[in-house]
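This report walks through the side-chain links and nonpolar packing of one protein model. Keep the sequence and the structure in view while reading.

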Amino acid sequence: QVRLVEFGGGSVQSGGSLRPSCVVSGYSVSSGCMAWFRQTPGKEREGVAVIGSRAYTTYADSVKGRFIISRDNSKNAVYLQMNRLQDEDTAMYYCAAAPDPRMTIYQALHAPDSFDVWGQGNQVTVSS
């Protein structure tokens with residue numbers, strides 16, 4: 001059974017940084033596809049970043065140049081380094097695994113319904 005457990009959300013001032021992590025069991029991050037999504041009340045879940053099996057990455061335009069997705073194969077974990085945080089980044093952040101294998105990482109970024117497994121979510125709040 002695949003399980004994702006997230007850590008590292010929290011509150012930060014605008015311009016600050018956070019680094020949520022997602023520890024994975026039952027699924028290999030080194031050979032699979034992992035992603036971070038976020039959601040605010042009343043809005044659809046939005047793709048933030050995806051890392052594929054070959055460590056290729058893709059990002060939402062709104063976070064490109066500020067966020068970095070990475071993985072640690074030895075810990076079977078995925079991270080989201082979030083820098084220069086803005087008020088608009090406030091959301092619940094979710095780790096996700098195992099999208100439809102026929103999708104590219106670019107397609108997966110925009111297709112949350114294609115992911116089979118989700119973490120519990122971590123709130124990130126950015127204040128001015």
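## The disulfide

A disulfide is a pair of cysteine sulfur atoms within 2.5 Å. In general terms, it is a covalent bond between the sulfur atoms of two cysteines. The model is a predicted one: local features need pLDDT of at least 70, side-chain atom pairs count only at pLDDT 80 or more, and totals for chains, interfaces and linings use all residues. Residues are numbered from 1 along each chain as its sequence is written, and side-chain values use heavy atoms, with hydrogens and water left out.

The structure has 1 disulfide. Cys 22 and Cys 95 form it, with their sulfur atoms 2.1 Å apart. The angle about the S-S bond is -80°, and the link is left-handed. Cys 22 sits in strand S3 and Cys 95 in strand S9, so named because strands (E, at least two residues) and helices (H or I, at least four) are DSSP runs numbered from the N terminus. The two cysteines are 73 residues apart, and their pair links distant parts of the chain. Both Cys 22 and Cys 95 are buried. Buried means under 20% relative accessible area, exposed means over 50%, and partly exposed lies in between (1.4 Å probe, protein chains only).

Cys 33 is in no disulfide. The nearest cysteine sulfur belongs to Cys 95, 11 Å away. Cys 33 counts as buried because its relative accessibility is 11%.

## Nonpolar cores

A nonpolar core is a set of buried Ala, Val, Leu, Ile, Met, Phe, Trp, Tyr and Cys residues joined through side-chain atoms within 4.5 Å. The largest core has 28 residues. Which of them touch the most other members? They are Met 34, Trp 36, Leu 80 and Tyr 93. Several strands give two or more residues to this core, among them S3 (21-25), S4 (34-39), S5 (46-51) and S11 (122-127). S7, S8 and S9 do so too. The most comes from S9, with 4 residues.

Leu 80 shows how this packing draws on the chain. Contact here means heavy atoms within 4.5 Å. Leaving aside neighbours within four places in sequence, Leu 80 is in contact with residues including Leu 18, Pro 20, Trp 36, Val 48, Phe 67, Ile 69 and Tyr 93. Arg 19 is also one of its contacts. A second, separate core has 9 residues, including Phe 37, Ala 108, Leu 109 and Phe 115.

## Salt bridges

Side chains of opposite charge can pair when their charged atoms come close. A salt bridge is a side-chain nitrogen of Lys or Arg within 4 Å of a carboxyl oxygen of Asp or Glu. The structure holds 5 of them. One joins Lys 64 to Asp 61, with the closest N and O atoms 3.1 Å apart. Asp 61 is exposed, at 66% relative accessibility.

Asp 89 and Arg 66 meet in another salt bridge, at 2.7 Å from N to O. Asp 89 lies in the loop between S8 (77-82) and S9 (91-97), and Arg 66 in the loop between S6 (57-59) and S7 (67-72), so the pair ties together parts 23 residues apart in sequence. Both Asp 89 and Arg 66 are buried. Salt bridges that share partners join Arg 38, Glu 46, Arg 66 and Asp 89 into one network.

Within that network, Glu 46 bridges to Arg 38, with the closest N and O atoms 2.8 Å apart. Burial differs between these two. Glu 46 is partly exposed at 33% relative accessibility, whereas Arg 38 is buried at 7%.

## Aromatic rings

A pair of aromatic rings is described by the distance of the centres and the angle of the planes. Rings of Phe, Tyr and Trp (its six-membered ring) pair if their centres lie within 6.5 Å; planes under 30 degrees apart are stacked, over 60 edge-to-face, and the rest tilted. The count comes to 4 aromatic pairs. Phe 37 and Phe 115 have ring centres 5.2 Å apart and planes at 75°, so they are edge-to-face. Phe 37 is in strand S4, while Phe 115 is in the loop between helix H1 (105-109) and strand S10 (117-118), 78 residues apart. Both Phe 37 and Phe 115 are buried.

Tyr 94 and Trp 118 are edge-to-face because their ring centres are 6.3 Å apart and their planes at 80°. Tyr 94 is buried at 15% relative accessibility; Trp 118 is partly exposed at 24%. Ring pairs link Phe 37, Tyr 94, Phe 115 and Trp 118 into a cluster.

A charge sits over a ring if NZ of Lys or CZ of Arg is within 6 Å of the ring centre and within 35 degrees of the ring normal. Arg 45 lies over the face of Tyr 94, at 3.9 Å from the ring centre. Arg 45 also lies over the face of Trp 118, at 4.5 Å from that ring's centre.
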